[in-house]
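Here is a friendly briefing to read alongside the model. Have the viewer open, and follow the topics below in order.

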Amino acid sequence: MAREYDSQLLESVAVRRRRLRDGVLFGRARTRRSLDEGLGRFLGGTALAAVVCAGCVGWSFVSERMGERGGYSTPRVHGAGSGASVTPSVNGTVVSGR
């Protein structure tokens with residue numbers, strides 16, 4: 001008997017809180033509209049995933065630009081002539097060819 005009363009009390013408190021929240025969010029139109037909590041969680045999760053993805057891309061870009069030695073690595077042209085092509089390699093050396 002006591003457990004039924006406790007569960008009934010908890011349920012009535014939850015309903016009251018939901019009604020108060022809907023009243024604050026929607027005003028007089030709270031009976032026509034209700035907040036879909038699943039949609040809010042989905043949008044929040046999507047925004048969080050986008051921020052994490054942007055952070056990973058930024059970290060990758062910065063670490064690639066800085067290199068392992070801690071400085072910016074810029075390709076240098078070896079050889080003279082206007083037809084020289086520059087191809088940077090993985091270890092920081094530059095391969096020049098025509």
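Accessible areas here come from the Shrake-Rupley method with a 1.4 Å probe. On that basis, the protein in this predicted model has an accessible surface of about 9,000 Å², and carbon and sulfur atoms account for 59% of that surface.

**Fold and confidence**
- The protein holds two helices and two strands, and their order from the N terminus is α-α-β-β.
- Mean pLDDT for the protein is 76, with 57% of its residues at 70 or more.
- Where is confidence highest, and where is it lowest? Helix α2 (residues 37–66) has the highest mean, at 91, while strand β2 (residues 94–97) has the lowest, at 56.

**Burial and contacts**
- Of the 98 residues in the protein, 3% are buried.
- Take the contacts between residues at least 6 apart in sequence: 0% of them join residues at least 24 apart.

**A nonpolar patch**
- Y5, L9 and V13 together make a nonpolar surface patch of about 280 Å².
- Y5 sits in helix α1 (residues 2–26).
- With a relative accessible area of 53%, Y5 counts as exposed, because the cut-off for that class is over 50%.

**The salt bridge**
- Side chains of opposite charge can pair when their charged atoms come close.
- How many salt bridges does the structure hold? There is one, and it joins the side chains of R21 and D22, at 3.9 Å from N to O.
- The cut-off for such a pair is 4 Å, so the 3.9 Å between R21 and D22 falls within it.
- R21 is partly exposed, at a relative accessible area of 30%, whereas D22 is buried, at 9%.
- D22 earns that label because buried means under 20% relative accessible area.

**Cysteines**
- A disulfide is a covalent bond between the sulfur atoms of two cysteines.
- A search of the whole structure turns up zero disulfides.
- C53 is in no disulfide, and the nearest cysteine sulfur to it, that of C56, is 6.7 Å away.
- Why is C56 not bonded to C53? The closest cysteine sulfur to that of C56 is in C53, and at 6.7 Å it is too far for a bond, because a disulfide needs the two sulfur atoms within 2.5 Å.
- C53 is partly exposed, with a relative accessible area of 47%, so C53 lies between the limits of 20% for buried and 50% for exposed.

Terms used: Residues are numbered from 1 along each chain as its sequence is written. This is a predicted model: local features need pLDDT of at least 70, side-chain atom pairs count only at pLDDT 80 or more; totals for chains, interfaces and linings use all residues. Side-chain values use heavy atoms; hydrogens and water are left out. Patches are made of residues with over 30% relative accessible area and no salt bridge: like charges are joined within 9 Å, nonpolar side chains (Val, Leu, Ile, Met, Phe, Trp, Tyr) within 5 Å. Helices (H or I, at least four residues) and strands (E, at least two) are DSSP runs, numbered from the N terminus. Buried means under 20% relative accessible area, exposed over 50%, partly exposed in between (1.4 Å probe, protein chains only). Contact means heavy atoms within 4.5 Å. pLDDT is the predictor's confidence in each residue, from 0 to 100.
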